[in-house]
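Subject: Structure handover

Hello,

Here is the structure for you to look over. Please load it before reading on.

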Amino acid sequence: MTQNALHPSDITDELLASYETVIGLEVHCQLLTESKLFAQDRNLFGTEPNTNIGPLTLALPGTLPKINHKAVEFAIRLGLACGCSISRRTIFDRKNYFYPDLPKGYQISQDKKPICLDGGVNISVKNAEGKTVEKTIRFHHIHLEEDAGKSVHDGSHSETLLDYNRAGTPLVEMVSEPDLRSAEETGAFVTEIRRLVRYLHISDGNMEEGSLRCDVNVSLRKKGESKLGTKVEIKNMNSIRNMMRAISFEERRQIAMIENEEPIQQETRMFDVESGQTYGMRVKETMNDYRYFPDPDLSPVVVSEEWLEDIKSKMPALPQELRDKFVNQYGIPAYDAMVLTDTREIAEYFEAVCANTSAYKAASNWLMGPVKSYLNDHEGNIEHFPISAKALADLIELNESGVVSHSVASQKIFPVLLSDPHRTSSEIASSNNWLQNSNTNELESLVDEVISSMPDKVAAYKKGKKGLIGLFVGEIMKKSNNTADPKLVNQLLAKKLQ
């Protein structure tokens, strides 16, 4: 490297814009089966090390694997959700490599006959003009395989501890085509995959626990070129934010090497969270290094028409389907629909609320406002939300019909319902004298009283300071203990102040 060589930190936005980033992902997702892929040992995170193990997990001599059909079903469910073609006859292969946390000395995976082929996932991204557009990220295939164990260094530089609890855990590996072009697109892609596996109830998608993790393949080429550059793999990314950071650094690192006329080596790198940089781990193996061959102890898995139709019949509504439904049937904005389909549970709760009220936009506002704030403050999910969908719909109806004001509904009745969800909104409003006052004669007296007490403000209003109307309304609401109908108050004020 010459003295004037570029460093990653030297790469300007202008130079970055002259290159195209090409990204492909291998997304590993642990499946929520009760047992492992080829053994009866428990598939459970967080237990004491080396307790969810048995002869098969430890690969003791004479043990024979047996396929977990629920794991195959989960993989098919994912394939159907992604529009893949499902292989009717699939086999398992041995992927040979040595690593201390791999008890057998090989991993049972799929090479030539994966369970799912093609398909893809749609993401929403911003184009060059800043407009949000849909983009499809294609899959090459999705295959089943078993996970390895876990090496734990525990601060030691000389000893490695091995926990085999994870060994044999069923995984699906989603191998994308190199369709991604930025860190932002990659983040959106993994976010959508995580949402999808949670909707399907095949994985918890918890990246911090390793249930969902990614190997990111990044290469650079000059814009306009068709030939792919040498790809570099960033291994085991278990955070979307850090994955995007790693891609951003790798872009600049590779551009610096190209500009310095240094060869880029096909290798596996790791990401250091503290420095925000990637570093080399090993030269990337080729497919021949793994010496794949069909596992002689496992028969082919045949997916019958009856089995496939049964799985199809049990598929839930997926995020995009629900977004379209919420926009077209309930008439809410696309942004609202995106927020309300973030989780399957939120979407189902929203639909349950809409089954009890026709104020769909108001229901959307309540879920994205007071309900979401409560869930964020209590680190909870909607399944543990104390107010039933019917009770929330009743409160919305009470507000929409003008019986109570929105401020009373959200700031007074809503907190009472949270602490005592067995009471009704109507009963709470009545017992606390929070019913909205729509008596024209009573409100007219309050309007006259406020106007007569603020002659200077009235004069200023009549001279053109129309914004003072809010001051008058506020004073009347105070005097009515927030029970006055704001719409009627505004009408009376406009008439009196003419």
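My notes on the cores, the strands and the helix packing follow.

Please keep in mind that this is a predicted model.

Cores first. The largest nonpolar core has 66 residues. Within this core, Leu 25, Leu 78 and Val 216 touch the most other members. Helix 2, residues 69-81, is the top contributor, with 7 residues. There is also a second, separate core of 41 residues. Its members include Val 353, Ile 387, Ala 391 and Leu 392. As background, nonpolar side chains in soluble globular proteins tend to be buried together.

Val 216 deserves a look of its own. Leaving aside neighbours within four places in sequence, Val 216 contacts Ile 23, Gly 24 and Leu 25, among others. The list of Val 216 contacts also includes Val 232, Glu 233, Ile 234 and Met 237. Met 243 and Ile 247 are in contact with Val 216 too.

Now the strands. Strand 14 spans residues 267-272, and 5 of its 6 residues are buried, so the rest of the structure largely encloses this strand. Strand 14 pairs with strand 13 (residues 232-237) in the parallel sense, over 2 bridges. Here Glu 233 stands opposite Thr 268 of strand 14. The connection is worth checking on screen: strand 13, helix 4 (residues 240-259) and strand 14 form a left-handed β-α-β unit.

Strand 14 also pairs with strand 15, residues 277-283. These two run antiparallel and are joined by 6 bridges. Thr 268 turns up again, with Arg 282 as its bridge partner in strand 15. The hairpin of strand 14 and strand 15 has 4 residues between the strands. In this hairpin, Gly 276 takes a positive phi near 75°.

Next, helix packing. Helix 14 (residues 455-462) packs on helix 15 (residues 469-479) at an angle of about 145°. Their axes lie 10 Å apart. From helix 14, Lys 457, Val 458 and Tyr 461 take part. They meet Ile 469, Leu 471 and Phe 472 of helix 15. By class, that contact has 5 nonpolar residues, 1 charged and no polar.

Last, helix 8, residues 344-354. Its buried residues are Arg 344, Ile 346, Ala 347, Tyr 349, Phe 350, Val 353 and Cys 354. What covers them? The cover includes helix 3 (183-199), helix 6 (319-330) and helix 7 (334-340). Helix 9 (360-377) and helix 10 (389-400) are also part of the cover. Val 353 links back to the cores, as a member of the second one.

Best wishes

Conventions. Residues are numbered from 1 along each chain as its sequence is written. This is a predicted model: local features need pLDDT of at least 70, side-chain atom pairs count only at pLDDT 80 or more; totals for chains, interfaces and linings use all residues. Side-chain values use heavy atoms; hydrogens and water are left out. A nonpolar core is a set of buried Ala, Val, Leu, Ile, Met, Phe, Trp, Tyr and Cys residues joined through side-chain atoms within 4.5 Å. Buried means under 20% relative accessible area, exposed over 50%, partly exposed in between (1.4 Å probe, protein chains only). Contact means heavy atoms within 4.5 Å. Two strands pair if DSSP finds at least two bridges between them. A crossover is right-handed if, with the strands pointing away from the viewer, the path from the first strand over the helix to the second runs clockwise. Axes are lines fitted to C-alpha atoms, for helices over the stretch in contact, and angles run from 0 to 180 degrees between N-to-C directions. Ala, Val, Leu, Ile, Met, Phe, Trp, Tyr, Cys and Pro count as nonpolar, Asp, Glu, Lys and Arg as charged, and the others, Gly among them, as polar.
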